[in-house]
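Hi everyone, thanks for coming. Today I'd like to walk you through a structure that may be new to you, so let's put it up on the screen.

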Amino acid sequence: MADPRRVEFGDFLRSRREKLSPKNVGLPAGQRRRTAGLRREEVAQLAGIGVDWYIRLEQGRTVSPSVTTVDALARALRLSKTEHAHLKDLARDGDRRPFVREVVPPAIRRLVESLPHPAYITGRRWDVLAWNEAAEEIFAFGRLPEEDRNTLLLMMTNKKTRKSYGAGWADVAKRMVAMFRASHDVWAGDPAFAELLTRLRAGSPEFVKWWGAHEVHGTLSGRKTMTHPTKGVLHFEHASFQANDDPALKLVIYTPV
């Protein structure tokens, strides 16, 4: 069977290739094209690699591109810094151990619980692992079954969460899908991630559409506006931080504006 990470590597190359036109990279348009984007041989030419080699990479075959090749592909496809980093991650031989749900150290849990503003800890799969009283008042994580405490699952499939974001839901949700791509692809094929992906696809047609675009974004701070059933309209600035104890743990804090 094909390596799922290599399949994602190839799919990502294809998605970026199809977004570019010859004009974007300084090539003549030439004859009429059947499909949008660059041809495979054009990408290979721009990257300075063989066409057959590039085709094998895009098909997700079990081949290991060098750092030099990955960098050349990033330049040829005009990747952003985040996209380039994602391509590098997929090219590496990753950890093949099955995903195991993280455990929050007691000291970090106590820290989160002591914060006055809404705060919670997530893991690599975006499961909510710990939260404080202020976060419970807004997100009600404690009322959910453990298997539903996942920020992307809540955003994409929970009707109450969607309603709380109102007209701004699509922008926030689409960016979250692109951010989750970076997390998912390095764990592609893992049963826990596959299970989450199945639930997201079954519960959200928007997720299916955005997932197919294979957009990748890094984690960003910013603002969110939500409508709470009893507290009314809430405006927050949010930011996230990695834990030194375990880089897989991410602390998210919402500060009222």
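Before we look at any packing, one term: two residues are in contact when they have heavy atoms within 4.5 Å of each other. And please keep in mind that this is a predicted model.

Let's begin with helix α2. Which residues are buried in α2? They are Glu42, Val43, Ala44 and Ala47. The buried residues of α2 pack against three helices, α1, α3 and α4. Just after α2 you will find Gly48, with a positive phi of about 75°.

That brings us to one of those partners, α4, which covers residues 67–76. Seven of its ten residues are buried, so α4 is largely enclosed by the rest of the structure. If you want to find them on the screen, the buried residues are Thr69, Val70, Asp71, Ala72, Leu73, Ala74 and Ala76. What do they pack against? The answer is α1 (4–19), α2 (40–47), α3 (51–58) and α5. Here too there is a positive phi just after the helix: Arg78 has one of about 55°.

Now for the cores. In soluble globular proteins, nonpolar side chains tend to be buried together. In our model, the largest nonpolar core has 35 residues, and those that touch the most other members are Leu152, Met155, Met156 and Phe207. Two or more residues come from each of α7, α8, α10, α11, α12, β4 and β5. The largest share belongs to α10, with seven residues.

Let's zoom in on Leu152. Leaving aside residues up to four places away in sequence, Leu152 touches Trp126, Met176, Val177, Phe180, Leu200 and Phe207. There is also a second, separate core of 25 residues, and Phe9, Leu27, Val70 and Ala72 are among them. You may recognise Val70 and Ala72 from the buried residues of α4.

Two of the helices that feed the largest core deserve a look together. Helix α11 (residues 191–203) and helix α12 (residues 205–212) pack at an angle of about 120°, and their axes are 5 Å apart. On the α11 side we have Leu197, Leu200, Arg201 and Gly203, which meet Pro205, Phe207, Val208 and Trp211 in α12. By type, that contact has six nonpolar residues, one polar and one charged.

So much for packing; where is there empty space? Rolling a probe the size of a water molecule over the atoms shows us where it is left. The largest pocket has a volume of about 1100 Å³. Its lining has 43 residues, with Phe139, Thr161, Ser164, Tyr165 and Met226 nearest the centre. Which element gives the most to that lining? It is β3, with six residues. As for character, the lining holds 20 nonpolar, 13 polar and ten charged residues.

The second largest pocket comes in at about 580 Å³. It is lined by 22 residues, and Arg124, Trp126, Ala182, Ser183 and Gln242 are the closest to its centre. Trp126 is a residue we met earlier, as one that Leu152 touches. Both α5 (81–91) and α10 supply at least two residues of this lining, and the largest share, four residues, comes from α5. The lining divides into nine nonpolar, nine polar and four charged residues.

That's the tour. Thanks for listening, and I'm happy to go back to any part of it.

Note on methods:
Residues are numbered from 1 along each chain as its sequence is written. This is a predicted model: local features need pLDDT of at least 70, side-chain atom pairs count only at pLDDT 80 or more; totals for chains, interfaces and linings use all residues. Side-chain values use heavy atoms; hydrogens and water are left out. On a 1 Å grid over the protein atoms alone, a cavity is a set of points where a 1.4 Å probe fits but cannot get out, and a pocket is an open set with protein on both sides within 12 Å along at least five of seven lines; lining residues have an atom within 4 Å of a point. Grid points are joined across faces, edges and corners, and a volume is the space filled by probe spheres set on the points. Ala, Val, Leu, Ile, Met, Phe, Trp, Tyr, Cys and Pro count as nonpolar, Asp, Glu, Lys and Arg as charged, and the others, Gly among them, as polar. Axes are lines fitted to C-alpha atoms, for helices over the stretch in contact, and angles run from 0 to 180 degrees between N-to-C directions. Buried means under 20% relative accessible area, exposed over 50%, partly exposed in between (1.4 Å probe, protein chains only). A nonpolar core is a set of buried Ala, Val, Leu, Ile, Met, Phe, Trp, Tyr and Cys residues joined through side-chain atoms within 4.5 Å.
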